[in-house]
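Hi everyone, thanks for making time. Let me bring up the model on the screen, and then we'll walk through a few spots together.

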Amino acid sequence: MKDQKKMYIGSFLLGFGFLGALDGIVFHQLLQWHSVIHDAPTTIQIISDGLFHFAVTLTIIAGAVLLWLSGKPHEPKSAWKSAGGLFLIGGGTFNLLEGIINHHILQIHRVHPEAENPLLFDLAFLASGVILLGAGWLLLRRVKQLDV
């Protein structure tokens, strides 16, 4: 795998894993709004959260290893912007996939099920994914314009 491809995939995985970890820390632990499988016995909730945290930790490690293996970039300024853009795209992808699959298709949990309007929180979660994807895409587009 070429160094640039390793950097791109590693940056995407770091963003994906980071947003997953942030979701777990904020929504599962600090706010205690939900767990991966919300309507289940406590033991199942804890196990599902543990498996989720393990998976996002492995994703972060894989991203970091790929970035490390990609070596020093030839154009550090554009490489950092590309990495940042792909990090944001990875994070946005996590929010969209997790939100669509877990909140809407499987319906195993909602962002804030006890809220007066839980759908509003689910839609805001999806919107944050779209915003992250858009910001990452704009950053990548800017790098490509500077390279031309």
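How much space lies in the largest pocket? About 340 Å³. Before I go on, please keep in mind that this is a predicted model.

So who sits around that space? The lining of the largest pocket has 17 residues, and the closest to the centre are Gln 4, Met 7, Pro 73, His 74 and Ala 79. If you're colouring by helix, you'll find that H1, which covers residues 3-30, contributes at least two lining residues, and H3 and H4 each do so too. For those of you thinking about chemistry, the lining of the largest pocket splits into six nonpolar, six polar and five charged residues.

Now let's turn to the second largest pocket, with about 220 Å³ of space. Here 16 residues form the lining, and Phe 52, Phe 94, Leu 97, Glu 98 and Asn 102 come closest to the centre. Which helix gives the most to this lining? That would be H3, with five residues. H1 and H2, the latter spanning 42-69, each supply at least two residues as well, as does H3. By type, the lining of the second largest pocket has 10 nonpolar residues, four polar and two charged.

Since H3 keeps coming up, let's zoom in on one of its residues. Thr 93 belongs to helix H3, which runs over residues 76-105. Is Thr 93 buried or exposed? Its relative accessibility is 19%, so Thr 93 counts as buried, the cut-off being under 20%. What does its side chain reach? The side chain of Thr 93 comes to 2.7 Å from the backbone oxygen of Ile 89. Setting aside neighbours within four places in sequence, Thr 93 also makes contact with Phe 12, Phe 16 and Leu 133.

For my last stop, please rotate over to Asn 117. This residue is located in the loop between H3 and helix H4, and H4 covers 118-147. Asn 117 counts as partly exposed because its relative accessibility is 41%, and that class lies between the 20% and 50% limits. One distance to try with your own viewer: how far apart are the C-alpha atoms of Asn 117 and Val 143? They are separated by 40 Å, with the two residues 26 apart along the chain.

That's my tour. Thanks for listening, and I'm happy to go back to any of these views.

Technical notes:
Residues are numbered from 1 along each chain as its sequence is written. This is a predicted model: local features need pLDDT of at least 70, side-chain atom pairs count only at pLDDT 80 or more; totals for chains, interfaces and linings use all residues. Side-chain values use heavy atoms; hydrogens and water are left out. Helices (H or I, at least four residues) and strands (E, at least two) are DSSP runs, numbered from the N terminus. Buried means under 20% relative accessible area, exposed over 50%, partly exposed in between (1.4 Å probe, protein chains only). A polar contact is a pair of N or O atoms within 3.5 Å; within protein, one must be able to donate a hydrogen and the other to accept it, and residues adjacent in sequence count only if both atoms are side-chain atoms. Contact means heavy atoms within 4.5 Å. On a 1 Å grid over the protein atoms alone, a cavity is a set of points where a 1.4 Å probe fits but cannot get out, and a pocket is an open set with protein on both sides within 12 Å along at least five of seven lines; lining residues have an atom within 4 Å of a point. Grid points are joined across faces, edges and corners, and a volume is the space filled by probe spheres set on the points. Ala, Val, Leu, Ile, Met, Phe, Trp, Tyr, Cys and Pro count as nonpolar, Asp, Glu, Lys and Arg as charged, and the others, Gly among them, as polar.
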